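Here are my notebook entries from a sitting with this structure. I kept them short, one topic at a time.

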Amino acid sequence: MRERGSDTRFAIRDTRLAICHLPLAIRHPPSAIRRSFSSILIAAVAGALFLRTGNLKYDRVSHACMELGVLFGAISLATGMIWARPVWNTWWTWEARLTSFLILWLVYVAYMMLRMSARDDPGVARIAAVFTFVGAADVPFIILAPRLWRGLHPVLFGTNAGGEFTFNMTQPMVAALGVSITAVMLVYFYLLVQRTRLAGLSSRVAELREQYGD
Amino acid sequence: MIFYRQLYAIIAKELAVEWRTKETLSAMLVFALLVLVIFNFAFDLQGVDIRVLGPGVLWVAFSFSGIIGLGRSFAMERDKGSLDGMLLAPVDRGAIFLGKAFANFLFILVMEVITLPLFVILYNVPLEWFPLVGFILMGTLGFSAVGTLLSAIAASTRMREVMLPVLLFPVLVPLLVASVKITQGSLQGLPFSDFQGWFNLLLAYDVIFLVVAYLVFEFVVEE
């Protein structure tokens, strides 16, 4: 009896975790490939606008997107592992979507390294924008390459073997997922706006420092 | 027409520099050989099917050693201030990129031409030369295109030598996976259709990154 009780609780907790995990992952393409738009694509668009206009505002947006990519990616990876441990009985598996996701996350991390290594150089905004293009151009390959292997990620919605559209979720799951996706999306954009504003303020402070001394 | 003359001049300059010093190529060669030797100890490859594990070893050797050459490519120009000279000359930025990328392609190719037979000898690999060499050429093309662009990016940061691998490897993963799979397929003598998916992926990678790198290169070097 006790066993079963804990099983049920386990299952409920796992579902809850999955519902937290999914929208986080969807923020970035590989785990929700065609259905989502991703940080790196916004970052690349903002980067293109920056190169075209020379307006540093776009560079800040691009930078904030990549930073949020690292943050949300890390949370998805962590929650994904916590969920996978009881359900798949392993922390990590080199399954297609997981692998894609990890590689994409490494691209985000590489971008942060690039920003760090040239902190004071004004030219960094330009080369960082170029790197977002390279990253964005790499996205289809990062998705495709591990997919040529195949794996065991739970397919909750998408097409089944016969090519029909399937949707393996119960009504409350759908509702919870919908709320969760919306919430995470709002958090994402809130953080994006705030991070961009903060970057603007700190560069304004630096400007004033330069003008009037400390 | 003038574009090709510029391109030719850049390639000739790269080759002349390398011919006089021979630093980059010799470093790459020694390094590739070291990777082959180290892998033998790390994995004890006696007795396993080398046609399955070998391609991984080979491409790790190619890519690690290639990165050494790519890193030098722009770090050298920055050190001596010769990049500014090149940018001041009335040369198309695209020609600079293509010239550099082609020169890097040649250097990596020379390294591979020497490393591949060493790999065959040291690991006792039964090998069909003809299609494999073509596939390696393709892998190398994409590698040098992305590598040259990221080398230019890395050279304008403070920690150049460290930055290049950090930036390049995540972007390079699909190309390396495809190259390893294709090499595996052709070493095992599988029919082409078995790894055609990988071949298409590699082809698309080459084309897209050549174009993207060519188009965005001017933003990297512009001061």
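**Entry 1: the interface**

How many salt bridges are there between chain B and chain A? I looked this up before anything else, keeping in mind that this is a predicted model. The count between the two chains came back as zero. For polar contacts across the interface of chain B and chain A, I found two residue pairs, both at pLDDT 80 or more.

Next I asked which elements of chain B supply the side that touches chain A. Those giving two or more residues are H6 (129-155), H7 (160-187) and H8 (196-221) of chain B, each of them a helix. H8(B) gives the most, with 11 residues. Sorting that side of chain B by class, I noted 23 nonpolar, three polar and three charged residues.

I also wrote down the extent of the contact. Chain B brings 29 residues to it and chain A brings 26. Together the chains bury about 2500 Å², and 80% of that is on carbon and sulfur atoms.

**Entry 2: helix H6 of chain B**

I stayed with H6(B), since it had come up in the list of contributing helices. Is H6(B) mostly covered or mostly open? Mostly covered: I find 20 of its 27 residues buried.

I then checked its length. At 1.5 Å a residue, the 27 residues of H6(B) should span 39 Å, and the end C-alpha atoms are 36 Å apart, so the two values agree.

**Entry 3: helix H5 of chain B and its two ends**

I ran a similar check on H5(B). This helix has 31 residues, and from first C-alpha to last it reaches 43 Å, close to the 45 Å expected at 1.5 Å a residue.

What caps the N-terminal end of H5(B)? I found B:Asp92 doing so, with a side-chain oxygen 2.7 Å from the backbone nitrogen of B:Gly94.

Just after H5(B), I noted that B:Asn124 takes a positive phi of about 60°, although B:Asn124 is not a glycine. This residue is found in the loop between H5 (93-123) and H6 of chain B. B:Asn124 has 64% relative accessibility, so I logged it as exposed.

B:Lys22 went on the same page. Its phi is also positive, about 60°, and it is not a glycine either. I placed B:Lys22 in the loop between H1 and H2 (23-43) of chain B. At 42% relative accessibility, B:Lys22 counts as partly exposed.

**Entry 4: salt bridges over all chains**

How many salt bridges does the rule give over all chains? The count is nine. I followed up three of the pairs.

The pair A:Asp59 and A:Arg115 has its closest N and O atoms 3.0 Å apart. These two link distant parts of the chain: A:Asp59 sits in H3 (residues 56-88) and A:Arg115 in H4 (residues 96-117) of chain A, 56 residues apart. Are the partners buried or exposed? A:Asp59 counts as buried because its relative accessibility is 8%. A:Arg115 is buried as well, at 11%. The cut-off I used for buried is under 20% relative accessible area.

In chain A I also looked at A:Arg204 and A:Glu207, which form a salt bridge with closest N and O atoms 3.2 Å apart. They are three residues apart in H6 (residues 171-212) of chain A, so about one helical turn separates them. I added a reminder to myself: an α-helix has 3.6 residues a turn, so residues three or four places apart point the same way. Both partners came out partly exposed, A:Arg204 at 44% relative accessibility and A:Glu207 at 48%.

**Entry 5: a network in chain B**

My last pair was B:Glu77 with B:Lys13, whose side chains meet in a salt bridge at 2.8 Å, N to O. Where in the chain do they lie? B:Glu77 is in H3 (residues 50-80) and B:Lys13 in H1 (residues 2-21) of chain B, with their positions 64 residues apart.

I noted how their accessibility contrasts. B:Glu77 counts as buried at 1% relative accessibility, whereas B:Lys13 is partly exposed at 28%. Through shared partners, salt bridges join B:Lys13, B:Glu14, B:Glu77 and B:Lys100 into one network.

Terms used
Residues numbered from 1 in each chain as written. Chains lettered and ligands numbered in written order. Predicted model: local features only at pLDDT ≥ 70, side-chain atom pairs only at ≥ 80, totals over all residues. Heavy atoms only, no water. Contact = heavy atoms within 4.5 Å. Buried area = accessible area lost by both parts, 1.4 Å probe. Salt bridge = Lys/Arg side-chain N within 4 Å of Asp/Glu carboxyl O. Polar contact = N/O pair within 3.5 Å; in protein donor to acceptor, adjacent residues only side chain to side chain. Helix = DSSP H or I, 4+ residues; strand = E, 2+ residues; numbered from the N terminus. Nonpolar A, V, L, I, M, F, W, Y, C, P; charged D, E, K, R; others polar. Expected span 1.5 Å × (residues − 1). Buried < 20%, exposed > 50% of the residue type's maximum accessible area, 1.4 Å probe, protein only.
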